Amino acid sequence: MKFFVDTAHVEDIRAAVRLGVVSGVTTNPSLMAKEGRNPVEVIREIAAIVDGPISAEVIALDTDGMVKEGREWAAVAPQVVVKLPVTADGLAATKILADEGIRVNMTLVFSTNQALLAARAGAAFVSPFIGRLDDIGEDGPALVADIASVFALHGIATQIIAASIRRPLDLTAAARAGADIATVPYRVLLDALKHPLTDAGIARFMADWQAAKQ
Ligand code: G3P
């Protein structure tokens, strides 16, 4: 499973890339709004840091508007993947953009049918939201596993990005479910790395080493 970092905060992306485990970035209108900057400048800065896919989401909700914005996003940098919500207009826009060779990440996916339709429309990625399903008592990882199973059964190449990841256990669950990618807030990436026994082990090694040098 690959890791993308889920943020529009450039410094977090820079730090995450330095860890050597991140190969892409996802943003969305909420994450971009938090930065209070020109979205195009933000994506340009990210493109100077990350070689892999960078998802930039459209604001338009109608097909023509999505296509217009999608083409504009695709022109910003070759890594840009256009993020579209999985609606009827989003499907139609995905078909048009995919036929033009522009990669699409269909987002806000909450069912296997939505993922199947997105793949059929030509989406390069689908983003099922684990955390928001868990928020309402539904099983987010089970959705990822069902999508992965159906895509494998039918030889569908569309990649699954497990999104809306809030805690380290979501990462593990996404990997067990067969997600191709997990897109993770930088803080959660660091939390996933931590273990108290690792810290205690380092302290013990250092103490033993220092004691032996006396
Ligand atoms: O990539 C989608 C993700 O940013 C949404 O996360 O925590 O707002 O459900 P969350």
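**Ile 43 and the core**

I began with Ile 43 and listed its contacts (heavy atoms within 4.5 Å). Leaving out residues up to four places away in sequence, Ile 43 touches Thr 27, Met 32, Ile 54, Ala 56, Trp 73, Val 76 and Val 80.

Before going on I noted that this is a predicted model, where local features need pLDDT of at least 70, side-chain atom pairs count only at pLDDT 80 or more, and totals for chains, interfaces and linings use all residues. Residues are numbered from 1 along each chain as its sequence is written, and side-chain values use heavy atoms, with hydrogens and water left out.

I then looked up the nonpolar cores, which are sets of buried Ala, Val, Leu, Ile, Met, Phe, Trp, Tyr and Cys residues joined through side-chain atoms within 4.5 Å. Buried means under 20% relative accessible area, exposed over 50%, and partly exposed in between, with a 1.4 Å probe and protein chains only. The largest core has 59 residues, and Ile 43, Ile 46, Trp 73, Leu 84, Ile 160 and Ile 165 have the most contacts inside it. Helix α8 (residues 140-153) gives the largest share of this core, five residues. Another core, of five residues, lies apart from it and has Phe 4, Val 81, Phe 125 and Ile 181 among its members. In soluble globular proteins, nonpolar side chains tend to be buried together.

**The whole chain**

I counted eleven helices and eight strands in the chain. These are DSSP runs numbered from the N terminus: helices are H or I with at least four residues, strands are E with at least two. The C-alpha trace spans about 75 × 40 × 30 Å along its principal axes. Of the 214 residues, 46% count as buried. Of the contacts between residues at least 6 apart in sequence, 56% join residues at least 24 apart.

**Helix α4**

I checked the length of α4 (residues 63-76) against its residue count. The expected span is 1.5 Å times one less than the number of residues. For the 14 residues of α4 this should give 20 Å, and the end C-alpha atoms are 20 Å apart, which agrees.

Which residues of α4 are buried? I found Thr 63, Gly 65, Met 66, Val 67, Gly 70, Trp 73 and Val 76. Their cover includes α3 (39-47), β3 (54-57), β4 (80-85) and α5 (88-99).

**Salt bridges**

I took a salt bridge as a side-chain nitrogen of Lys or Arg within 4 Å of a carboxyl oxygen of Asp or Glu. The count comes to ten.

In α4, Lys 68 pairs with Glu 72, with the closest N and O atoms 2.7 Å apart. The two residues are four apart, about one turn of the helix. An α-helix has 3.6 residues a turn, so residues three or four places apart point the same way. Lys 68 counts as exposed at 52% relative accessibility, while Glu 72 is partly exposed at 44%.

Arg 71 of α4 forms a salt bridge with Glu 100, at 2.5 Å between the closest N and O atoms. This pair links distant parts of the chain, 29 residues apart, with Glu 100 in the loop between α5 and β5 (104-109). Glu 100 is partly exposed at 41% relative accessibility, and Arg 71 is partly exposed at 42%.

I also noted Glu 45 with Arg 37, at 2.3 Å from N to O. Arg 187, Asp 191 and Lys 194 are linked in a network.

**Helix α1**

In α1 (residues 10-18) I found Val 10, Ile 13, Ala 15 and Ala 16 buried. The buried residues of α1 pack against β1 (2-6), β2 (22-26), α3 and α10 (186-193). Gly 20 follows α1 and has a positive phi near 85°.

**Positive phi outside glycine**

I noted two residues with a positive phi of about 60° that are not glycine: Leu 108 and Ser 164. Leu 108 is in strand β5 and is partly exposed, with a relative accessible area of 31%. Ser 164 lies in the loop between β7 (159-162) and α9 (168-177). Is Ser 164 buried or exposed? Ser 164 is buried, with a relative accessible area of 9%.
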